[in-house]
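Trainee: I am new to this structure. Can we go through the chains, the contact and the core together?

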Amino acid sequence: MLDAKQLEAEQRLVQSSQRDPRRFAQLYDRYFDRIYAFALTRTGNRAAAEDVTADTFRQAFENLSRFQWRGVPFSAWLFRIAANAAADYYQRSSREQVVPDIQVESDASWETRLIEVETRTHLFDLVRRLPKDQRRVIQMRFGEELSVSEVAQAMGRSEGAVKSLQHRAMETLRARVGDSHE
Amino acid sequence: MSDQTTHDKLNASVETIISGRDFAATGDPEVDVLARLALGLRGLPARGFKARLRAELIPGLEARGLSGLLARLRAAVSFDRGTGLAAAGGGCGLAAGACCVGGTVVNLLGFASAAAVGTFIETSLPYFFSLSLVMMAVLFFFVLRREGSGRVVLTRSAIRSGAVVGSAYGVVFAGTMALSMAMGLY
C-alpha cells in the first residue's frame, strides 16, 4: 500500500508519462511483475499470461493520455485493464478452444487471489536477487522450462551439480521468504 | 538421507510442477516445503519477455546506436527535470555569447586580428543577445504550455523554470564574455 508521499510521487510520474511517453518505462518496470503475476493467477499458463500482460500494457500505453488521476494507485487502473484482458482472452480461447484449462472463473476469493499475486510477485523479485548460478538454474528450469540435462549442458556443469544448485537456490529462497515475513 | 537423494527428490517434485501437475508429498518434510515454494515459481517470466515487451511498447528507449543514444539523451534532459531546463537555459546563454566564442576561435586560428574580432563582437553582440531573448521566450512558451492552465500552477512553474533557466543562461553567457575578455578581444 502506498503512503501519501508515494502516491504523490506516483501521480507526478504518471503525469510526466502522459507528457513524455518514454517515462512510461518507469511505470512498466514498477508494475510488470505484479501484472504478470496477476495474469498468471487468472489464466494459469505462461503463454496466456504473456498475452494478457502484453495486452494490458499496450492498452495502458495507448490510453495513458486519457487516464485521470483520482487519488488511487496507478496499479488499480492496470489491474482493471488486466482483468478485462484476461476475460477477453478467456472468451477468445473458449471460441477457439485453445486453452481449455484457463482459470478465469476459479472459486478463489478476490482476497486469496490478491495474496497469491503478491506472493508470486515477491518470489519473482527474490529470484532476481539470487546468487548468479542459482538464479540461472531457477530461470532456466522455471522460466525456460528446460530439463536438468539441458541446463547442465548450457552451464557446462554435471546434472548432479545442477540439482545441487537448484536445491541451494530453493533453500535460499525459503530463507529469504522467511526473512521478509518476520 | 544423503544430499544426493534429497536433490533427486526435490528435482522430481520440480519436474512435476513444471509439467503443470500438482506435486504429491514425498514424505520428506524438507523437500515438501521447498516443493510448495517451487509451486509459486511455476510460470516464472521467460528470460527476455519483459525486455522484448518494453522494446515493443517504447521503441526509442531500447534502440541501440545513435538513435538509442539520442532517445536516452532526450529522456535525460526532459523539461520535467531540472537538467533539461538548465541545458535549455545554457543553450540560450551560448547563443547570446556565440559571437564571443566564435570570435575567440577565429582569432586563435589566426583568421582575424584581435581588433577586427573586437569590433565584430561589439557590433554583433546586441543581435545575438536579442536572438537569445527570443529563444528564451519560445522556451518559456513551451514550458508553460505543458503545465496547462491555472494561475497558481503557471506562476509557480514560471518562477521555478525562470530560476533554473536564468541561472544557466547567466553562467554560460558570462562565461563566453569572460573568455573574450580574457583574450583581450572585448
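**Confidence and chains**

Mentor: Chain A has an average pLDDT of 87, and 91% of its residues score at least 70. Keep in mind that this is a predicted model.

Trainee: Which helix of chain A has the highest confidence?

Mentor: Compare the means by helix. Confidence is lowest in helix 1 (residues 4-19) of chain A, with a mean of 85. At the other end, with a mean of 95, is helix 6 (residues 132-143) of chain A.

Trainee: How many helices and strands are there in chain A?

Mentor: Read from the N terminus, chain A runs α-α-α-α-α-α-α-α. Every element in that pattern is an α. The count for chain A is eight helices and zero strands.

Trainee: What does the secondary structure of chain B come to?

Mentor: Along the sequence, chain B follows α-α-α-α-α-α-α-α-α. That comes to nine helices and zero strands.

Trainee: How many of the residues of chain B count as buried, in percent?

Mentor: A residue needs 20 or more other C-beta atoms within 10 Å to be buried. In chain A, with 182 residues, 33% are buried. For the 186 residues of chain B, the value is 25%.

**The contact**

Trainee: Which helix of chain B gives the largest share of the side that touches chain A?

Mentor: The contact takes 41 residues from chain A and 33 residues from chain B. On the chain B side, the elements that give two or more residues are helix 1 (3-18), helix 2 (29-39), helix 3 (49-57), helix 4 (59-62) and helix 5 (65-76). The largest share is eight residues, and it comes from helix 1 of chain B.

Trainee: How many residues on that side of chain B are nonpolar?

Mentor: Split the side of chain B that touches chain A by residue type. Seven residues are charged and eight are polar. The nonpolar residues number 18.

**Cores and a helix**

Trainee: Which helix of chain A gives the most to the largest nonpolar core?

Mentor: That core has 51 residues, and those with the most contacts inside it are A:Ile35, A:Ala39, A:Val52 and A:Ala82. The most, 11 residues, comes from helix 2 (residues 24-43) of chain A.

Trainee: How many residues are in the other core, the one that lies apart?

Mentor: Its members include B:Met136, B:Val172, B:Phe173 and B:Tyr186. The core that lies apart from the largest one has 19 residues.

Trainee: What does helix 5 of chain A reach from its first C-alpha to its last?

Mentor: Helix 5 (residues 110-128) of chain A has 19 residues. Its buried residues are A:Val117, A:Arg120, A:Leu123, A:Phe124, A:Leu126 and A:Val127. At 1.5 Å a residue, 27 Å is expected, and the helix comes close to that with a reach of 27 Å.

**Two loop residues**

Trainee: What is the phi of A:Glu145?

Mentor: Most residues other than glycine have a negative phi. A:Glu145 lies in the loop between helix 6 and helix 7 (148-155) of chain A. It is partly exposed, with 16 other C-beta atoms within 10 Å. A:Glu145 is not a glycine, yet its phi is positive, at about 55°.

Trainee: Why does B:Gly20 count as partly exposed?

Mentor: B:Gly20 is in the loop between helix 1 and helix 2 of chain B. Its C-alpha is 9.5 Å from that of B:Leu39, 19 residues away in sequence. B:Gly20 counts as partly exposed because its C-beta neighbours inside 10 Å number 13.

Technical notes
Residues numbered from 1 in each chain as written. Chains lettered and ligands numbered in written order. Predicted model: local features only at pLDDT ≥ 70, side-chain atom pairs only at ≥ 80, totals over all residues. Contact = placed C-beta atoms within 7 Å. Helix = DSSP H or I, 4+ residues; strand = E, 2+ residues; numbered from the N terminus. Nonpolar A, V, L, I, M, F, W, Y, C, P; charged D, E, K, R; others polar. Buried ≥ 20, exposed ≤ 12 C-beta atoms within 10 Å, placed from the backbone. pLDDT = per-residue confidence, 0-100. Core = buried A, V, L, I, M, F, W, Y, C linked by C-beta atoms within 7 Å. Expected span 1.5 Å × (residues − 1).
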